[in-house]
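Visitor: I would like a close look at a single part of this model. Please take me through it step by step.

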Amino acid sequence: MAPAHYGAAQPPAASGRLFKGRNPVMTWLVFPVITLGIYMYVWYYKIHEEMAAFDRRRPAPVAGPVLVLLFLGWTVIAPLVSFYNTGQRIRNAQRASGLQPTCSPVLSCLLTFVLGLNILYMQAELNEIVDRYPGVPEGAPVPLYV
């Protein structure tokens, strides 16, 4: 089933840089196990950096979310707020790409407590945006519709 493209009938409103598509299972399980958990922080930094370059019209923190996980992870609430905000940013990126926003920030938070599946979920949602622009290489300019 092809995704709904909301921006197909209207001209692009802006442009941004396409981020990297990643294998969700590798991102969620394999790389973190191999790197003893360090990859999760690298991935979290990279997706925020890529989302900031994707839509420069919306200010997005890059290092802040990772610092929250590193230094305030013990509080439980701060990481949940960070994951919620990340889910909201993914949702906004989906909207900007002309897709119907399917990322749920609440589900992202809840999946944190189920084997850390929020990482797999967020990467799968990001991959929908990458799939929206078939054949476009990572970092290439892409049109944004909203």
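Which residue forms a salt bridge with Asp55, and how far apart are the closest N and O atoms?

Guide: A caution comes before the details: this is a predicted model. The partner is Arg57. Its closest N and O atoms with Asp55 are 2.8 Å apart. The two ends of this pair sit in contrasting surroundings. Asp55 is buried, with a relative accessible area of 4%. Arg57 is partly exposed, at 40%.

Asp55 has another salt bridge, formed with Arg58. There the closest N and O atoms are 3.5 Å apart. Arg58 is partly exposed as well, with a relative accessible area of 34%. Shared partners therefore join Asp55, Arg57 and Arg58 into one network of salt bridges. Both of these bridges run through Asp55.

Now step back along the chain to helix H2, which covers residues 38-54. Helix H2 has 17 residues. From first C-alpha to last, helix H2 reaches 24 Å, close to the 24 Å expected at 1.5 Å a residue.

Helix H2 holds a salt bridge too. The side chains of Lys46 and Glu49 meet at 3.3 Å, N to O. Why can this pair be placed about one turn apart? Lys46 and Glu49 are three residues apart in helix H2, so about one helical turn separates them. An α-helix has 3.6 residues a turn, so residues three or four places apart point the same way. Lys46 is partly exposed, at 32% relative accessible area. Glu49 is partly exposed too, at 31%. A search of the whole structure finds four salt bridges.

What about the buried residues of helix H2? Aromatic names on that list include Tyr39, Trp43, Tyr44 and Phe54. Met40, Ile47 and Met51 are also buried. So are His48, Glu50, Ala52 and Ala53. Their cover includes helices H1 (24-34), H3 (64-72), H4 (77-96) and H6 (118-132). Strands S1 (14-17) and S2 (141-144) are also among the elements that cover these residues.

One of those covering elements, helix H3, leads out to the surface. Leu67 lies in helix H3. Leu67 is partly exposed, with a relative accessible area of 43%. Leu67 joins Leu70, Phe71, Leu72 and Trp74 in a nonpolar surface patch. Together these residues have about 590 Å² of accessible area.

To return to the starting point: Asp55 is buried, while its partners Arg57 and Arg58 are partly exposed.

Technical notes:
Residues numbered from 1 in each chain as written. Predicted model: local features only at pLDDT ≥ 70, side-chain atom pairs only at ≥ 80, totals over all residues. Heavy atoms only, no water. Helix = DSSP H or I, 4+ residues; strand = E, 2+ residues; numbered from the N terminus. Expected span 1.5 Å × (residues − 1). Buried < 20%, exposed > 50% of the residue type's maximum accessible area, 1.4 Å probe, protein only. Contact = heavy atoms within 4.5 Å. Patch = residues over 30% accessible without salt bridge, like charges linked within 9 Å, V, L, I, M, F, W, Y side chains within 5 Å. Areas by Shrake-Rupley, 256 points an atom, 1.4 Å probe, with all protein chains shown as cover.
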